[in-house]
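Me: Could you look at this protein with me? I am in my first year, and I would like to learn how each label is earned.

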Amino acid sequence: MVQRRITEASMGFLAGLAEERVDHRFKGLPPDADGLTVGELAAQRRNLFTDGFTTPVLALSAERLEHNLALMETYASRHGLAFAPHGKTTMAPELFARQLDHGAWGITLAVPHQVRVARAFGIRRIFLANEVVDPAALKWIAAELARDAEFQLICYVDSVRGVELMDAALAGAARPVDVVVELGAGDGARTGARTEADCAAVADAVAATRTLRLVGVAGYEAEVPGATPERVAAWLRRLTALASEFDKAGHFSGTGLDEIVVSAGGSAWFDAVAEVFAEIPELSLPVLKLLRSGAYVSHDDGQYRRVTPFNRIPEEGSLHPAFRLWAQVVSRPSPDQAFVNAGKRDAAHDLDLPEAQVVRGARDGVQRPATGIEVTALSDQHAWLRTAPDVELEVGDWVGLGLSHPCTSFDKWPLIPLVEADGTVTDYVRTYF
């Protein structure tokens, strides 16, 4: 059995999750579990295949999840990186706790609603990888900072206008909001100030306020146009040079800072981040080198299997895909076609179609490789399968599907069974999208 490393502090804000009642809101769970708490159902240690779960049902491998958590903890530590994994991937407080207990500095999030979820479960350090200009959201953030002296939030700024809007909304706030200037990854990329001169103007605008405090620089290297190792490294060196220039200009002095934040790192180029961040020269304060990769927690059988840096650095380990979507054959209208009862409502499909991996026979419960079976299309509630000649597949069989893109897999399932290799369900992961 996988041993979960949850600290006493983590348990405090997870306790409420186990008390939630199981009912019709949670697809795939056994109908006869209605009325049980999540904790009570987990304690029963039911088997995913034989104890009443209904298809389709998404399963998260307990062993692979633990492997991925431990691997990224080791990687970050080995390279001297702090780690704030991107929580928008999972929006799962239990997984936030697991990440924190595996050494994460805090949790990265993308929008104020996600911050509210994290705060409801006691997360104390949040990196908000977005510029916030909504007055209501900013006033709430200011109130949280005033209410909890241990709460630390850092967010992006990338325009003088954004600074003006933030300053107006935060007037009278008890504590300034810590911000990092976002350097855009290039023309046609997503957000971020496009040039160093633009970044300097934003930094000067921050310095002219009492409501904001500049603590560093950040960006997202995966948006570099035509990304290659060389282009990504060149942009990362622009980012680290920007931190040095801000330091020389005195932007970090006299503000009460303990460290300067330099942050980057999605799930495709964290090896380049580690390499370039190791080159950061000595600054006037210690540097918090903050990595933000998020998809690693479940990895996948598509996009991130292709782009993971561990393909380039196999000596550092490998991530394991932890998701499997189980669906049932409900129609076999011809020898070369079958349909299972999982579709767009259940499976990520924005980057790749699901991948048929295994078949579990309805007659004997034996699993076999899904050789000769291909997912060719998705309807709302069906996956279209093409089957090669002589493939053994009949109505009632379960088909295990691998998925691409964790970010659009987690968001379709509000309660996900955590399953050991033998099918035993040991826990449930609650998501909040």
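Reply: Happy to! Let's begin with a term: helices and strands here are DSSP runs, numbered from the N terminus, and a helix has at least four residues. With that in hand, helix H11 covers residues 303-307, and H11 gives the most to the lining of the largest pocket, with three residues. Please keep in mind that this is a predicted model.

Me: What makes a residue part of the lining of the largest pocket, and which residues lie nearest its centre?

Reply: A lining residue has an atom within 4 Å of a point of the pocket. For the largest pocket, 32 residues pass that test, and His 86, Lys 88, Arg 190, Tyr 220 and Gly 266 lie nearest its centre. Strand E4 (125-131), like H11, supplies at least two residues of the lining. The space inside comes to about 620 Å³, and the lining divides into 15 nonpolar, twelve polar and five charged residues.

Me: What makes a space a cavity, and how many of 30 Å³ or more are found?

Reply: In a cavity a 1.4 Å probe fits but cannot get out, whereas a pocket is open. The search of the whole structure finds one cavity of 30 Å³ or more. The largest cavity has a volume of about 40 Å³. Its lining includes Ser 267, Phe 270, Tyr 296 and His 299, and divides into five nonpolar, four polar and no charged residues.

Me: Why is His 299 called buried?

Reply: Buried means under 20% relative accessible area. His 299 has 5%, so the label fits. His 299 lies in the loop between strand E9 (287-291) and H11, and its phi is near 50 degrees, a positive value in a residue other than glycine.

Me: Asp 390 also has a positive phi. Why is Asp 390 called buried or exposed?

Reply: The cut-off for exposed is over 50%. Asp 390 stands at 79% relative accessibility, and therefore counts as exposed. Its phi is near 70 degrees, and its place is the loop between strand E15 (383-387) and strand E16 (398-402).

Me: How do you know whether Ala 82 is buried or exposed, and what is it in contact with?

Reply: Its relative accessible area is 16%, and the limit for buried is under 20%, so Ala 82 is buried. Ala 82 lies in strand E2 (residues 82-83). Leaving aside neighbours within four places in sequence, Ala 82 is in contact with Trp 105, Leu 288, Lys 289, Leu 290 and Leu 291. Contact here asks for heavy atoms within 4.5 Å.

Me: What makes a group of residues a nonpolar core, and how many residues has the largest?

Reply: The members must be buried residues of certain kinds, such as Val, Leu and Phe, joined through side-chain atoms within 4.5 Å. The largest nonpolar core has 126 residues, and those with the most contacts inside it include Phe 127, Val 179 and Leu 393. Helix H9 (residues 229-248) gives the most to this core, with eight residues. A second, separate core has 19 residues, among them Val 22, Phe 26, Leu 29 and Val 425. In soluble globular proteins, nonpolar side chains tend to be buried together.

Me: How do you know how confident the predictor is?

Reply: We read the pLDDT, which runs from 0 to 100. The protein chain averages 95, and 97% of the residues score at least 70. Over residues 1-10, though, the pLDDT is below 50.

Key
Residues numbered from 1 in each chain as written. Predicted model: local features only at pLDDT ≥ 70, side-chain atom pairs only at ≥ 80, totals over all residues. Heavy atoms only, no water. Buried < 20%, exposed > 50% of the residue type's maximum accessible area, 1.4 Å probe, protein only. 1 Å grid on protein atoms, 1.4 Å probe; cavity = no way out; pocket = protein on both sides within 12 Å on 5 of 7 lines; lining within 4 Å. Points joined across faces, edges and corners; volume = space filled by probe spheres on them. Nonpolar A, V, L, I, M, F, W, Y, C, P; charged D, E, K, R; others polar.
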